[in-house]
Amino acid sequence: MLALTELGQRLRQERESKGLSLEDLQKLTKIQKRYLLGIEEGNYEVMPGKFYVRAFIKQYCEAIGLDTDAIFEEYKSDIPSTQTEDMPQQLSRVRSRKEIPQHTKGVSKAYDYLPTVLVVAGVVVVGIIIWVIAQNIVSDKNKEQANQEAPNSEVQQSNTQEETNETTAKNDNSKSEDEQSAADKKEKAEKEKAAKEKAAKEKAEKEKAEKEKKDSGKQEYKEVQKTGRSATYALSGTDAFNLEVTSTQADTWLDVKNGKGNAFFSSILKKGETKEFDLTKETEARVNIGYSPGVELKVNGKAVDLPFDSSKQVRQVVTIQYQPAEAQ
């Protein structure tokens, strides 16, 4: 293993203080573990290029909450500066093909097809002229026939038009009344639906508030023991065991398991994110917090303190033993 650089030591210490492994950091940054290890060991030869060294270090710092500009300034002797690297040969070959003058071949082919294009255009123009003349002849015949029939049909057309107008007016009035009636029924149905939903929501919220109030009056959350970074609490006097975990300051590793070791959650809890767990059917829950500053715990909607001072004990493990009220 290579000797750590000052920058590598600083980054590793900061990562470990937050309870993060290289696997955890790989999930946060999407950077392969071997590149993260290369940064800590100062082994930049494993990187794809100098540009990636600086980019990966920047992502590493942001993931563990360090000021990137300050780190680059303080450890600039440990970080290689970026320079223009050699252009990949594949890109060079693509550029050389683009420089081949292709337009001369296209122009030559266009001149070969020019006579054919002119002949086709001439045929099209002649066809259009013939079609226009034929349309004019047909139009003149239709006008002449219409003039002969006009005196006999004007009165009939007038009567028919009046009847049509009356029928249209009646249909429009009937249609308007039907549409208005349908719109009124739809609006009424929507209002009734909204009122029912509101009443159901208010009832559910009221029942929940009454249950929480009832439970909080007799719920007990007592400390059993503390050792190292772990603490055990006993939850009793309630028929519910609901746990909420919120991270308000930074991303943190969160692992929640029952007494049998079955995991409910084992991943990164993002800043500002809240996870809720219904553990009513469990007798024990173990909560492992990788970075406790800014982490808030609630048991059945009631905030409970972390067992240790977050500024002194970054990683904390809280075990909650639960005994339902009906079983007591």
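Here are three short exercises, with solutions, on a predicted model.

**Exercise 1.** Find which residue pairs with Glu 40 in a salt bridge, and work out whether each partner is buried or exposed.

*Solution.*
- Step 1: Look at the side chain of Glu 40; it meets that of Arg 12 in a salt bridge, with 2.8 Å from N to O.
- Step 2: Place the two partners along the chain. Glu 40 sits in helix H3 (residues 33-41) and Arg 12 in helix H1 (residues 6-17), so the pair, 28 residues apart, links distant parts of the chain.
- Step 3: Check the cover. Buried means under 20% relative accessible area, so Glu 40, at 0%, is buried, and Arg 12, at 19%, is buried too.
- Step 4: Look for further partners. Arg 12, Arg 15 and Glu 40 are linked in a network of salt bridges.

**Exercise 2.** Take the salt bridge between Glu 14 and Lys 18 and decide how each side chain is classed, buried or partly exposed.

*Solution.*
- Step 1: Confirm the contact: the side chains of Glu 14 and Lys 18 meet at 2.8 Å, N to O.
- Step 2: Glu 14 has a relative accessible area of 21%, so this residue is partly exposed.
- Step 3: Lys 18 comes to 10%, and therefore counts as buried.

**Exercise 3.** Locate the nonpolar surface patch that includes Val 132, and describe this residue.

*Solution.*
- Step 1: Pick out Val 124, Ile 128, Trp 131 and Val 132, which form the patch and together have about 390 Å² of accessible area.
- Step 2: Find Val 132 in helix H7 (residues 103-218).
- Step 3: With a relative accessible area of 37%, Val 132 is partly exposed.

How values were computed: Residues numbered from 1 in each chain as written. Predicted model: local features only at pLDDT ≥ 70, side-chain atom pairs only at ≥ 80, totals over all residues. Heavy atoms only, no water. Patch = residues over 30% accessible without salt bridge, like charges linked within 9 Å, V, L, I, M, F, W, Y side chains within 5 Å. Areas by Shrake-Rupley, 256 points an atom, 1.4 Å probe, with all protein chains shown as cover. Salt bridge = Lys/Arg side-chain N within 4 Å of Asp/Glu carboxyl O. Helix = DSSP H or I, 4+ residues; strand = E, 2+ residues; numbered from the N terminus. Buried < 20%, exposed > 50% of the residue type's maximum accessible area, 1.4 Å probe, protein only.
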